[in-house]
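Here's a friendly walk through a structure you may not have seen before. Take a look at it first, and then read on.

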Amino acid sequence: MNEKNQSILLSSLKKVFPNDPLPSEAFSAFSMLKNEKSSFQFAFTAEKGETFKIALDTDLKSAIHISAVELIPAGLTIPRGADDYYLPKDKKEFPELLVPLENETVTAKYDGINTLWFEITSEEPLPAGEHRIAISLLKEQEVVFSETMTVEVIDALLPKQDFIFTNWFHTDCLMSYYGFEAFSEEYWRVTENFLRRAVEYGMNCVLTPLFTPPLDTKIGGERPTVQLVDVTVTGKNEYRFAFENLDRWIQMCEKLGIEYFEMSHLFTQWGAKHAPKIVAKVNGNEEKIFGWKTRANSKKYKIFLAQFAKALTSYIDEKGIRERCLLHVSDEPSGAMIRGYKKASKIVHDNFKGFKIIDALSDFKIYQKGLIETPIPANDHVDAFIGNVPELWTYYCCSQSSEYVSNRFFSMPSQRNRVLGYQLYKFDVKGFLHWGYNFYYLQFSKGLIDPYKVTDAGGGFSSGDAFVVYPKQDGTPLDSLRLHVFYDAFQDKMALELLESKIGKEKTLAILEADTKEPLTFSAYPRSDTWQLETREKINAAIKENH
C-alpha cells in the first residue's frame with residue numbers, strides 16, 4: 001500500500017490502479033472551450049473505509065460534477081493476436097465505473113490509491129478566462145489532501161456536431177435486465193433515461209427496431225421482441241401496418257436530440273440468409289410470420305417487404321424525415337457470403353429508392369461490385385476506402401485489437417480510445433458506428449449477464465466492447481470513464497473543425513501533425529498521453545489566436 005496523505009492531479013487519460021505506485025507526473029492545468037465537457041482526476045492514498053469531506057473553492061463550482069472511480073472485473077483482456085499497446089497483462093480489474101458522489105463526501109473503497117473524477121460541464125457557456133479550482137479533502141475538519149487545478153476557458157464555442165454517430169442501443173437488454181414488458185410505460189421511461197445519456201455524449205443517430213434486430217443472435221435463437229411496427233395479416237400475402245409505437249419512439253428521440261434514425265436490418269447478420277423475426281396479428285392472435293425458417297429470397301418475404309416499404313416510405317415522408325433515415329441490408333457480409341448479400345441488397349435498393357443505405361462492410365472488393373452505396377469498413381480495413389468512396393464512414397468492434405487502431409477495451413490505454421478524434425478529422429470521416437452501447441447478453445444473445453461482474457459477454461468479446469454504461473437500480477445509467485474519454489475524441493474533432501474554419505485545413509493539419517514522426521493514419525500516431533494532450537492545447541491556442 002502507498003504511504004498515506006499523498007495526492008496528485010491527473011488527466012482523464014490516466015487509468016489508476018489502487019495497488020500501483022502513485023503516479024509522479026501531475027496534470028495541473030489545461031484549457032477548454034466554453035461549451036465543452038472536460039475531465040480530470042484527483043488521486044489520493046487512503047485506507048479502505050476512510051471518509052473525507054470534499055471542499056471546492058472555485059467560481060466554476062456549479063459546473064463541476066464529481067464521481068468516484070471504481071474498478072470493474074475483466075474477463076477477456078488481451079485477445080489473441082493483439083499488438084503491444086495495452087495495459088499490463090496482470091491486470092484483472094480496471095478503473096471503469098463512475099459513481100456520482102452525494103453530500104460532497106467520499107469514502108475510500110480501496111486500500112491504496114482512490115480516484116475522483118471531476119467533470120466540468122454546463123448547459124450554459126462557461127465564462128471565458130482563467131479559473132482556479134482548489135480541491136481539499138478534509139477529515140474531522142482538518143485538510144488531509146489539497147490540490148489546485150488551473151483551467152483556461154477560451155472565448156470560443158465548439159461548432160454543432162455534424163458528424164453521425166450511432167452506438168447500437170439495445171432495448172431488449174434493458175427489458176431483460178429490469179424485467180419490464182416492451183412498450184410499457186416503464187419501457188419508455190427507462191429507454192428515455194438511457195438514450196438521454198447517449199445523446200449527452202455524442203450519439204445523434206439511434207438504431208430503431210422496426211422489427212427485432214437480427215444482430216448477434218445464434219442461428220435458430222431469438223432475442224426478445226422489440227418490434228416497433230405493428231403488422232396485421234389481412235389476407236393471403238396481404239398485410240396492414242400501424243406505426244403508433246414507432247411514432248412515439250421518434251417523438252421521444254427528437255425531444256432528446258436524436259437527429260438520425262438507423263432502421264434495423266431487413267436481413268440476418270453475416271450473409272443475409274434469412275428474414276429477421278417478424279410477428280403479426282393473424283386472426284386476432286400474435287404469431288411469428290417470418291424468421292430463421294424464412295429464406296431471404298423467398299417469394300413470400302419479398303411480397304411482404306414490397307408492401308412494408310410502401311407503407312413505411314409513406315409514413316417517413318409524412319414525418320418529413322427521409323433525409324435523416326438510414327437503412328440496412330445485413331451486417332458484416334464477407335466475400336464468402338456475396339451471393340446472398342447481392343440478392344438481399346437488390347431487394348432493399350429496389351424497394352427503398354432514394355434512401356441512404358449503409359452496412360458494416362470491410363471487404364473493398366465487395367464494395368466495388370456496387371452492392372452498397374455507403375459501406376462502413378472497420379478502422380483496420382479503412383485505408384482501401386479512403387478517397388475511393390463518396391462518403392467515408394468507419395467502425396470498430398471486438399476484432400480491432402491489433403495494428404494499433406483505436407478501440408475502447410478496458411485493457412487499452414485511454415489515449416487509444418481518444419486518438420480516434422484526430423483520425424476522424426484528418427480523413428473527413430462522416431460517420432462512426434459501434435455495436436454496443438448497452439449489450440447485456442452473452443455472445444449470440446444466449447442469456448442475460450450481470451454487467452458489473454461479466455464484462456466480456458461470457459468470453460466472447462474483450463471486456464469493454466459490449467457496453468459503455470451500466471444499469472442502475474432506479475432505471476438510469478451509470479457512466480464508464482470510457483464513455484467520457486470517447487466523447488473527448490469527438491470534441492477534439494469539433495475543435496479541429498472550428499480551427500479549420502479560421503485558418504483552413506492545410507494549416508490545421510500542420511498543427512495536428514507538427515510533432516508526429518510520420519503522417520497520422522488510423523494505425524500510425526504517437527502512442528503518448530503527453531502528445532495527445534499537448535496537441536489539443538496547441539489546437540486551443542490557435543483557436544484563441546485566430547478568434
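The accessible surface of the chain adds up to about 22500 Å², and carbon and sulfur atoms own 47% of that area. Keep in mind that this is a predicted model. Of the 547 residues in the chain, 59% are buried.

As for charges, the chain carries 64 positive and 75 negative ones, and the mean positions of the two sets sit 9 Å apart.

Now for the overall build. The secondary structure runs to eleven helices and 24 strands. The radius of gyration is 24 Å, close to the 24 Å that the globule rule gives for 547 residues, so the chain is as compact as a globular protein of that length. Measure out a box along the principal axes and the C-alpha atoms fill roughly 80 × 50 × 45 Å. If you take the contacts in the chain with a separation of 6 or more, 73% of them join residues 24 or more positions apart.

What about the inside? The largest nonpolar core has 144 residues, and the ones touching the most other members are Val 231, Trp 249, Phe 261, Phe 267, Phe 304 and Phe 308. Helix α9 (residues 481-503) gives this core its largest share, nine residues. There's also a second, separate core of 35 residues, with Phe 145, Met 149, Leu 481 and Val 485 among them.

Zoom in on Phe 308 and you'll find, leaving aside residues up to four places away in sequence, that its contacts are Leu 210, Phe 211, Val 229, Phe 241, Phe 243, Leu 266 and Phe 352.

Back to helix α9, which is also home to Lys 493. Is Lys 493 buried or exposed? Its relative accessibility is 5%, and buried means under 20%, so Lys 493 counts as buried. Not counting residues up to four places away in sequence, Lys 493 touches Phe 163, Gly 421, Leu 424, Tyr 425 and Val 429.

Another helix to look at is α1 (residues 171-178), where Thr 171, Asp 172, Cys 173, Leu 174 and Met 175 are buried. Which helices do the buried residues of α1 pack against? They pack against α2 (185-200) and α3 (244-256). Just after α1 comes Gly 179, with a positive phi of about 85°.

Over in strand β19 (residues 356-360) you'll find Ala 360. Setting aside residues up to four places away in sequence, Ala 360 touches Asp 331, Glu 332, Pro 333, Ile 376 and Tyr 395. Tyr 395 is 35 residues from Ala 360 in sequence, yet their C-alpha atoms are 7.6 Å apart in space.

Two loop residues deserve a quick look as well. Most residues other than glycine have a negative phi. Gln 141 has a positive phi of about 65° although it is not a glycine, and Gln 141 belongs to the loop between β9 (129-139) and β10 (142-154). Tyr 404, also not a glycine, has a positive phi near 65°, and Tyr 404 lies in the loop between β21 (393-395) and α7 (414-418).

How do some of these residues compare for burial? Here they are side by side.

| Residue | Relative accessibility | State |
|---|---|---|
| Ala 360 | 1% | buried |
| Lys 493 | 5% | buried |
| Tyr 404 | 21% | partly exposed |
| Gln 141 | 77% | exposed |

How values were computed: Residues numbered from 1 in each chain as written. Predicted model: local features only at pLDDT ≥ 70, side-chain atom pairs only at ≥ 80, totals over all residues. Heavy atoms only, no water. Helix = DSSP H or I, 4+ residues; strand = E, 2+ residues; numbered from the N terminus. Rg over C-alpha atoms; globule rule 2.2 N^0.38 Å. Buried < 20%, exposed > 50% of the residue type's maximum accessible area, 1.4 Å probe, protein only. Contact = heavy atoms within 4.5 Å. Areas by Shrake-Rupley, 256 points an atom, 1.4 Å probe, with all protein chains shown as cover. Lys, Arg positive; Asp, Glu negative; His and termini not counted. Charge placed at Lys NZ, Arg CZ, Asp CG, Glu CD. Core = buried A, V, L, I, M, F, W, Y, C linked by side-chain atoms within 4.5 Å.
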